[in-house]
Amino acid sequence: MDILYTALKPAETLVLATPRYTPLPAGTQNVLNRLCPLRLPDLQFRDGRTAARFRDDVAIRRIALVAVGGWPEVGNLQLLVDIVREVAHTAGVPFAGALLRPHVSFMQGPDGLSESGKRVAAAARQAGYELATEGAMHPETLAAVSVAGA
């Protein structure tokens, strides 16, 4: 765990990335649980709920989600969005957005990425650029990644 904590402490942006084929993949839950030692043991009551912000030596200032799924509806990824949004809220940092790709297999053509898959991949790269340079991803960029049937 020391490797994880050493890597996370100086990071300004925490990007949680996961496939979603079950409500909450075990690996994702494991990482979320491992974030607890990065929080202060001093609990606060905020917005009607108990919360614990990150320790002073943790640089994380925003949390984002990247998730893919096998089903065609983007709504199947909403539970992950809600969970990561809640993690950000209780840590006292902004939720920087969710890059969601439903039916990820639609991106594949017979010889690699399909033309629509290439457009989705380009939009995903743009979203990463926006997150790195502006601290959040634009809604229209996220919508281009999530477009059904592409």
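Here is a short back-and-forth on reading the sheet, cores, helix packing and a few single residues in this predicted model.

Me: Let's start with the sheet. How many strands form the open sheet, and in what order?

Reply: The general idea is that strands of a sheet pair through backbone hydrogen bonds, either parallel or antiparallel. Here, three strands make an open sheet ordered β1-β4-β5, with parallel pairing. At the edges sit β1 (13-20) and β5 (95-101), each of which pairs on one side only. Going from one strand to the next, the twist averages 15°.

Me: Zoom in on one pairing for me. Over how many bridges do β4 and β5 pair?

Reply: Five bridges, in the parallel sense, with β4 covering residues 62-69. For the register, look at Val66, whose bridge partner in β5 is Leu99. Another spot to check is Leu65, which stands opposite Ala98 in β5.

Me: Which strands does α4 touch where it packs on the sheet?

Reply: Helix α4 (residues 115-134) touches β1, β4 and β5, and its direction makes about 170° with that of β5. As for β5 itself, the strand is mostly covered, with six of its seven residues buried.

Me: On to the cores. Which residues touch the most other members of the largest nonpolar core?

Reply: The background is that in soluble globular proteins, nonpolar side chains tend to be buried together. In this model the largest nonpolar core has 23 residues, and those touching the most other members are Leu14, Leu35, Leu38, Phe54, Ile63, Leu65 and Leu100. Two or more residues come from each of α1 (2-8), β1, β4, α3 (78-91) and β5. The biggest giver is α3, with six residues.

Me: Pick one of those hubs. What is Leu100 in contact with, leaving aside its neighbours within four places in sequence?

Reply: Leu100 is in contact with Leu65, Ala67, Val74, Leu77, Val81, Val145 and Ser146. There is also a second, separate core of 11 residues, and Ala96, Ala127, Leu131 and Met137 are among them.

Me: And Leu35, is that one buried or exposed?

Reply: Buried, because its relative accessibility is 1%. Leu35 is in the loop between α2 (26-34) and β2. Not counting residues up to four places away in sequence, Leu35 touches Leu8, Leu14 and Val87. Leu8 is 27 residues away along the chain, yet the C-alpha atoms of Leu35 and Leu8 are separated by 9.1 Å.

Me: Now helix pairs. At what angle do the axes of α4 and α5 cross?

Reply: Two packed helices are described by the angle between their axes and the distance between the axes. For α4 and α5 (residues 139-146), the axes cross at roughly 150° and come within 8 Å. The cut-off for roughly antiparallel is over 145 degrees, so α4 and α5 are roughly antiparallel to each other. The crossing of α4 past α5 is left-handed. On the α4 side the contact is made by Val120, Ala123, Ala124, Gln126, Ala127 and Glu130, and on the α5 side by Thr141, Leu142, Ala144 and Val145.

Me: Thr141 caught my eye there. Is Thr141 buried or exposed?

Reply: Thr141 counts as buried because its relative accessibility is 9%, where buried means under 20%. This residue lies in helix α5. Beyond residues up to four places away in sequence, Thr141 touches Ala123, Gln126, Ala127 and Glu130.

Me: What about Arg34, what does that residue count as by accessibility?

Reply: Arg34 counts as partly exposed, because the value is 33%. Arg34 is in helix α2. Leaving aside neighbours within four places in sequence, Arg34 is in contact with Met1, Leu4 and Tyr5. To get a sense of scale, take Arg34 and Glu134: they are 100 residues apart in sequence and 27 Å apart in space, C-alpha to C-alpha.

Me: Last one, a backbone angle. What is phi of Asp47?

Reply: Phi of Asp47 is near 55°, a positive value in a residue other than glycine. You'll find Asp47 in the loop between β2 (44-46) and β3 (49-51). Asp47 counts as exposed because its relative accessibility is 57%.

Key. Residues numbered from 1 in each chain as written. Predicted model: local features only at pLDDT ≥ 70, side-chain atom pairs only at ≥ 80, totals over all residues. Heavy atoms only, no water. Pairing = 2+ DSSP bridges. Helix = DSSP H or I, 4+ residues; strand = E, 2+ residues; numbered from the N terminus. Axes fitted to C-alpha atoms, helices over the stretch in contact; angles between N-to-C directions. Contact = heavy atoms within 4.5 Å. Core = buried A, V, L, I, M, F, W, Y, C linked by side-chain atoms within 4.5 Å. Buried < 20%, exposed > 50% of the residue type's maximum accessible area, 1.4 Å probe, protein only. Parallel < 35°, antiparallel > 145°, perpendicular 65-115°, else oblique. Left-handed = near helix turned anticlockwise from the far one by under 90°.
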